[in-house]
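Grab a pencil and work through these exercises with the structure open beside you. Each task comes with a solution that goes step by step.

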Amino acid sequence: MPEVRWGLTLPFAGVPLADHEPLVRRAEAGGYDDLWTGETNGPDGFTPLTLAAAWTERMRLGTGVVNPYTRGPAVLAQHAAALADASGGRFVLGLGASSNVIVERWNEVPFAKPLTRLRETVPVLREVLAGGRGPGGFRLETPPAHPVPIVLAALRDKMLHLGGEIADGTFTNFLPLSAADHVVARVREGEAAAGRGETEVVCRFFCIPGDGIEMARFMFAAYATVPVYEAFFRGLGWGKAIDPMVAAWREGDRKAAVGHVPEELVREIFVFGDGPAMRERLGEYAARGITTLVLTPLAPPEGLGELIDALAP
């Protein structure tokens, strides 16, 4: 397996934030390189990293990801500067467009022109984090002492290209193994167009011990029916396979939708088995150009420590 970075997703499912410290310390002792947050309908993307900054010494801490709609550039810069300071320069700002569900439906903010929004936001954040002025003359009281890398979340070709073009890395999610080469190639094309060298390609993986296909089916149905993910899978050629699932979900029949989830696709995306089997599968992604593996271990709280150890680098 090529040398890669190994990370974990925070927060750990079913574990109160106040009880995360032993697991976070265990992960650092086990050799993990990174901790990356998610941000959907659980804790926000910054608070778990603030706690982890106090509990770790060397791990990189990244948002995976937050968006530029529900937080403006000044607030994003404040968050980034604070976490860069608290962690001694170990913070990475993972930024993505999110989805119409989170941005528009839940937060009542128009979800317009995501590619343009990110293309315009990244240089503004770079300027502000370097001590310059942003929109309306905003300026950080104390800019970060260390540069804050910006990683761009991407699924489809144009956004993947943009990540390679303007960001320090590109973060993807729910990636079928058969599409890994395609996704990495689009990032590399963006780099080449901008005359840049290779950047980081990050991917999140949902790791389920044993053969947890039913859990995976439900998770996939919930994600793949969100328009941005539906478009992603259609763009990869899975449109006919997901049509019955999408139709049932839109009609409000969740049980039928889960029943229509294409098992072949789920088995390409989720990581199943015991520790060695999961590590072998993750190695296949690394061999195809994924440089940072961010693992989301899905196990009961009492089994998380053991699963973290089993997947540790």
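Two strands pair if DSSP finds at least two bridges between them; helices (H or I, at least four residues) and strands (E, at least two) are DSSP runs, numbered from the N terminus. You're looking at a predicted model, where local features need pLDDT of at least 70, side-chain atom pairs count only at pLDDT 80 or more, and totals for chains, interfaces and linings use all residues. Residues are numbered from 1 along each chain as its sequence is written, and side-chain values use heavy atoms, with hydrogens and water left out.

**Exercise 1.** Work out how β2 sits between its partners β1 and β3.

Step 1: Strand β1 (residues 5-10) pairs with β2 in the parallel sense over four bridges, and Leu10 stands opposite Thr37.

Step 2: Turn to strand β3 (residues 60-63), which runs parallel to β2 and is joined to β2 by four bridges. Here Trp36 has Gly62 as its bridge partner.

Step 3: Now trace the connections. From β2 the chain crosses through helix α2 (residues 47-55) to β3, a right-handed β-α-β crossover (with the strands pointing away from the viewer, the path from the first strand over the helix to the second runs clockwise). β1, helix α1 (residues 21-29) and β2 make a right-handed unit too.

Step 4: Check the side chains of β2 (residues 34-37): Asp34 and Trp36 point one way, Leu35 and Thr37 the other, and all are buried (under 20% relative accessible area; exposed is over 50%, partly exposed in between, with a 1.4 Å probe and protein chains only).

**Exercise 2.** Which residues of α1 are buried, and what covers them?

Step 1: Pick out Leu23, Val24, Ala27 and Glu28, which are buried. They line one face of the helix, because down its axis the buried residues fall within an arc of 135° (taken from the directions from the helix axis to the C-beta atoms).

Step 2: The cover includes β1, β2, α2 and α14 (301-311), counting contacts as heavy atoms within 4.5 Å.

Step 3: Flip to the face turned away from the buried side, and you'll find the exposed residues Pro22 and Ala29.

**Exercise 3.** Why is Cys203 not bonded to Cys207?

Step 1: Apply the cut-off: a disulfide is a pair of cysteine sulfur atoms within 2.5 Å.

Step 2: Cys207 holds the closest cysteine sulfur to that of Cys203, but it's 10 Å away, too far for a bond. The disulfide count comes to zero.

Step 3: As for burial, Cys203 has a relative accessible area of 0%, and Cys207 is buried at 0%.
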